[in-house]
Amino acid sequence: MARHAVLAGVGGYLPKLIVTNDDLARSLDTSDEWIRERTGIRQRHVASAEETAAMMGAAAARAALRQAGAGPDEVDAIILATSTPDQAFPATAVRVQAALGVTNGFAFDIAAACSGFIYALSVADGMIRAGQASGVLVIGAEVYSRILDWQDRTTCVLFGDGAGAVFLHAAEGAPTAATACVLSTHLHADGRHGDILYVDGAVGLRERPGTLVMNGSAVFRHAVVNLAGAVEEALAANHLERTAIDWLVPHQANRRIIDAMGKKLGLAPERVVVTIDRHANTSAASIPLALAEAVGDGRIRPGHLVLMEALGGGLTWGSALVRM
Ligand code: UT7
């Protein structure tokens, strides 16, 4: 019997501390005007010592389970995307598993930088379709504040911390484009561009945990081209026209990239979910955080067709089409 993955709940968590552009401009050669004009960012949330990827991921997962009306006994897999895990091992997903009181199944992390949520969603969908899991928490949780060089104005103003999660459960039957489920996911990577966005260290290097390094304009150019390809791919795979899309929930890296994608798809600006102004770029957490906001305030409703896309370090990129 064919199976498909129903998105039953979504939740998010943001750190309590908010840092505005003006706050940064007090100790850095930057300005609120530059940051807003070039990126669309007005503020970001920054984690305290207690707000780790595992802590925030567990909070987001609890909210997703609550919305789905599901308990920990219905979870048999946790797939967590992060580039800022609490520890080299165990996986942050396993820490979340323990925090939630889940004892079934398995849990593991995925590292695909800002594309991590799309990658994790794709793996979860595949495992549900294959019958390997029936209730999967897909989480993006990041504390980029810990890997930023706070003296580097070209990177530190861009990122924020947070976590988002969705709960997927299996349903039986072959889906059509009208079925409420993950319709398709599309993943890409091109390691030849690994040096335009990376962290120059690792947890395994005692003296050098590393900070984020980015050639912003090179990443920007790849984003505009590759994301356009990934969204066309998602529509073609489902024999859908652009007009079928109810919502674009994009990775939140730069307001100019988001606007370009919305325009390319012919979507009215109010059909594009934007959180970058308040969250900045939360990497793997940005899509589920944006989804949680738009579902929570009633914009995205059952039956709506949601297109997601992301690009990040790797380079990695991808898209997903989900019928809510
Ligand atoms: O999520 C992962 C994927 N990431 C992305 O998709 C990010 C893609 N890239 C971007 O969003 C943009 O390239 C940035 C926002 C990172 C940069 O915007 P840009 O329009 O490409 O600016 P730029 O890097 O070309 O810099 C323009 C100028 C430079 O000064 P000069 O060399 O022209 O004198 C920078 O030094 O702006 C300067 N600058 C700043 N000025 C004030 C860079 N950062 C700042 C800053 N405040 N924070």
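Two residues are in contact here when heavy atoms of theirs lie within 4.5 Å. With that in hand, welcome to a tour of this predicted model.

**Around T185**

Let's begin at T185, a residue of strand β8, which covers residues 182-189. Not counting residues up to four places away in sequence, T185 touches L121, S122, S319 and A320. With S122 there is also a polar contact, 2.8 Å between the two side chains. Is T185 buried or exposed? Its relative accessible area is 17%, and because the limit for buried is under 20%, T185 counts as buried.

**The ligand and its shell**

Next comes the ligand, with 22 residues around it. Those that come nearest are T30, R38, R153, N254 and N281. Sorted by class, the shell holds 11 nonpolar, 8 polar and 3 charged residues. Which helices each supply at least two residues of this shell? They are α2 (32-39), α6 (216-237) and α7 (255-264). The largest share, 4 residues, comes from α6.

Three side chains place a polar atom at these distances from an oxygen atom of the ligand:

| Residue | Distance to a ligand oxygen atom |
|---|---|
| H251 | 2.8 Å |
| N254 | 2.6 Å |
| R256 | 3.1 Å |

The ligand taken alone exposes 960 Å², and the protein buries 71% of that area.

**Nonpolar cores**

Helix α6 also appears in the largest nonpolar core, where it gives the most, with 8 residues. This core has 45 residues, and the members touching the most others are V157, L212, L248, L265, L307, L311 and L321. Along with α6, the elements α7, β12 (305-312) and β13 (316-323) each supply at least two residues of the core.

For a closer view, take L265. Leaving aside neighbours within four places in sequence, L265 is in contact with V231, L235, R242, I245, L248 and L307. A second core, separate from the one just described, has 39 residues, including V10, V249, A294 and A310.

**N21 in helix α1**

N21 belongs to helix α1, residues 21-25. At a relative accessible area of 0%, N21 is buried. Which side chain makes a polar contact with the side chain of N21? That partner is R44, at 2.9 Å. Beyond four places in sequence, the contacts of N21 are D32, I35, R36, I41, R42, Q43 and R44.

**Backbone details worth a look**

Most residues other than glycine have a negative phi, and most peptide bonds are trans. Against that background, four places in the loops deserve attention.

Two of them concern cis peptide bonds. One joins F89 and P90, with omega about 0 degrees, and P90 sits in the loop between β4 (77-81) and α4 (92-100). Another runs from G314 to L315, where omega is near -15 degrees; L315 is in the loop between β12 and β13.

The other two concern phi. A113 is not a glycine, yet its phi is positive, near 50 degrees. Its place is the loop between β5 (106-110) and α5 (116-129), and A113 counts as buried at 16% relative accessibility. S283, likewise a residue that is not a glycine, has a positive phi of about 55 degrees. S283 lies in the loop between α8 (276-279) and α9 (286-296) and is buried, with a relative accessibility of 1%.

Notes. Residues are numbered from 1 along each chain as its sequence is written. This is a predicted model: local features need pLDDT of at least 70, side-chain atom pairs count only at pLDDT 80 or more; totals for chains, interfaces and linings use all residues. Side-chain values use heavy atoms; hydrogens and water are left out. Buried means under 20% relative accessible area, exposed over 50%, partly exposed in between (1.4 Å probe, protein chains only). A polar contact is a pair of N or O atoms within 3.5 Å; within protein, one must be able to donate a hydrogen and the other to accept it, and residues adjacent in sequence count only if both atoms are side-chain atoms. A residue is near a molecule or strand if one of its heavy atoms lies within 4 Å of it. Accessible areas come from the Shrake-Rupley method with a 1.4 Å probe; for residues, only the protein chains shown count as cover. Ala, Val, Leu, Ile, Met, Phe, Trp, Tyr, Cys and Pro count as nonpolar, Asp, Glu, Lys and Arg as charged, and the others, Gly among them, as polar. A nonpolar core is a set of buried Ala, Val, Leu, Ile, Met, Phe, Trp, Tyr and Cys residues joined through side-chain atoms within 4.5 Å.
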